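The following note sets out numbered points for a colleague who is examining the structure. It moves from strand pairing to one helix and then to side-chain contacts.

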Amino acid sequence: CLHAAAWGELARQRLLAPLLQAEEARSLTLLNDRFEKALADKRSFVHFGAGAEAEVGLYWLADPATAGVPLADRAEQVIVEQLQAGAMVSEEEVEAEACRRLPGWLTPERRLVQACLRSYAAEDAAGEWRLRAEDEPSTRAQDLEEVARLLHEIGRQLGYTVEQRQDTVWLDAFGLERYTFRVRTDAAFGQALRDAGEVIHVLPGGRGPLVAEKARRDPRLRAWLQAGLHLVKFRHVRRLAAETTLTRDNLDERLALDPIHESDPQLPLL
């Protein structure tokens with residue numbers, strides 16, 4: 001894809017004709033070598049799944065500060081906006097709109113479009129999709145308020161000082177941040193990969209398959225998920241709020257009991 005994008009940009013700038021007219025017979029081969037040399041520059045690019053060949057694996061920026069929003073997150077936003085318009089839509093209509101909004105090299109894979117649809121919408125017998133009732137903006141606003149309130153209650157019950165900033169923060173007796181929770185309704189974690197500090201993102205359980213699909217496509221997200229506890233489901237917060245045996249000592253263990261990719265595990269009785 002990077003090669004194709006580079007060749008396309010050279011063609012757009014009308015720079016390929018001089019290369020083809022050059023006396024040097026190996027001009028195109030030399031240009032390919034230039035591409036590969038540039039990609040091998042570790043100051044500019046990170047090579048994931050690196051092998052002997054430049055074509056193997058995926059590339060990312062060594063300094064992602066200037067990177068835009070990841071394609072998967074943009075596709076999710078486009079599809080959610082279409083579903084929130086209220087009308088029943090077919091998968092073909094959703095895919096066509098996603099391709100129109102994200103053209104060229106940004107065209108999302110059909111598998112990603114399907115994962116976004118299944119995460120937010122329900123399909124009827126005729127193959128039409130509508131935003132699920134629990135994902136209506138008003139319903140999710142109530143969920144956000146409820147989960148934030150429960151996090152306050154759990155934190156206070158465990159003896160932490162709870163502060164509501166942009167996130168819900170639990171402080172110990174010395175005023176040090178011990179846990180930071182960010183309650184959200186989407187699965188867009190592009191910015192989270194850049195954030196400093198440990199944040200636990202609390203989101204609807206229905207986002208699980210979408211998170212898994214994004215992690216399949218993105219080795220950065222996959223490594224982030226494997227590096228520690230970053231995601232907790234709404235329903236798990238509700239269970240923890242009702243648990244009578246929750247303590248500071250077993251909190252981390254309890255938080256990890258309902259991984260984002262699992263369906264409905266039970267909390268231990270003791």
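1. Parallel pairing of E8 and E9. The model under review is predicted. Strand E9, residues 200-203, pairs with E8 in the parallel sense, and 3 bridges join the two. Within this pairing, Phe181 has Ile200 of E9 as its bridge partner.

2. Antiparallel pairing of E7 and E8. Strand E8 (residues 177-183) also runs antiparallel to strand E7 (residues 168-171), to which it is joined by 4 bridges. Two of the facing positions may be named: Thr168 has Phe181 in E8 as its bridge partner, and Trp170 stands opposite Tyr179. Phe181 is thus a bridge partner of Thr168 and of Ile200. The hairpin of E7 and E8 has 5 residues between the strands, and in it Gly175 adopts a positive phi near 80 degrees.

3. Pairing of E6 and E7. Strand E6 (residues 161-164) is joined to E7 by 4 bridges in the antiparallel sense. These strands form a hairpin as well, with 3 residues between them. Thr161 is matched with Leu171 of E7 as its bridge partner.

4. Burial of E7. Strand E7 is covered on both faces. Thr168 and Trp170 are buried on one side, and Val169 and Leu171 are buried on the other.

5. The sheet of E3, E5 and E4. A further open sheet consists of 3 strands in the order E3-E5-E4, with antiparallel pairing. Because E3 and E4 each have a single partner strand, they stand at the edges, and one side of each lacks a neighbour in the sheet. The pairing of E4 with E5 comprises 3 bridges, and Ala121 stands opposite Leu131 in E5.

6. Geometry of helix H4. Does the span of H4 agree or disagree with the value expected from its length? The 14 residues of this helix (residues 71-84) should span 20 Å at 1.5 Å a residue, and the C-alpha atoms at its ends are 20 Å apart, so the two agree. After H4 comes Gly86, which has a positive phi near 105 degrees.

7. Environment of helix H4. Of the 14 residues in H4, 10 are buried, so that the helix is mostly covered. The buried set includes the charged-type positions Asp73 and Glu76 together with Leu71, Val78, Ile79 and Leu83. The buried residues pack against helices H5 (91-101), H6 (110-120) and H8 (208-217). They also pack against strands E3 (89-90), E4 (121-123) and E5 (128-131), the strands that form the open sheet of point 5.

8. Aromatic pairs. The count of aromatic pairs comes to 7. One of them joins Tyr160 and Trp170: the ring centres are 5.5 Å apart and the planes meet at 25 degrees, so the pair is stacked. Tyr160 belongs to the loop between helix H7 (137-157) and E6, whereas Trp170 belongs to strand E7, so the pair ties together parts 10 residues apart in sequence. Tyr160 and Trp170 are both buried. Another pair is that of Phe189 and Trp224, which is tilted because its planes lie at 40 degrees, with the centres 5.5 Å apart. This pair links distant parts of the chain, 35 residues apart: Phe189 is in the loop between E8 and E9, and Trp224 is in helix H9 (residues 219-226). Phe189 counts as buried at 3% relative accessibility, and Trp224 is buried with a relative accessible area of 13%.

9. The aromatic cluster and charges over rings. Tyr160, Trp170, Tyr179 and Phe181 are linked into a cluster by ring pairs. Within that cluster, Trp170 and Tyr179 also stand opposite each other in E7 and E8. Over the ring of Tyr160 sits the charged end of Arg248, at 3.9 Å from the ring centre. Elsewhere, Arg220 lies over the face of Trp60, and its distance from the ring centre is 4.2 Å.

10. His236. Is His236 buried or exposed? Its relative accessible area is 1%, so His236 is buried. The residue is placed in helix H10 (residues 234-242). A polar atom of the His236 side chain lies 2.6 Å from the backbone oxygen of Arg254.

Technical notes:
Residues are numbered from 1 along each chain as its sequence is written. This is a predicted model: local features need pLDDT of at least 70, side-chain atom pairs count only at pLDDT 80 or more; totals for chains, interfaces and linings use all residues. Side-chain values use heavy atoms; hydrogens and water are left out. Two strands pair if DSSP finds at least two bridges between them. The expected span of a helix is 1.5 Å times one less than its number of residues. Buried means under 20% relative accessible area, exposed over 50%, partly exposed in between (1.4 Å probe, protein chains only). Contact means heavy atoms within 4.5 Å. A polar contact is a pair of N or O atoms within 3.5 Å; within protein, one must be able to donate a hydrogen and the other to accept it, and residues adjacent in sequence count only if both atoms are side-chain atoms. Rings of Phe, Tyr and Trp (its six-membered ring) pair if their centres lie within 6.5 Å; planes under 30 degrees apart count as stacked, over 60 as edge-to-face and the rest as tilted. A charge sits over a ring if NZ of Lys or CZ of Arg is within 6 Å of the ring centre and within 35 degrees of the ring normal.
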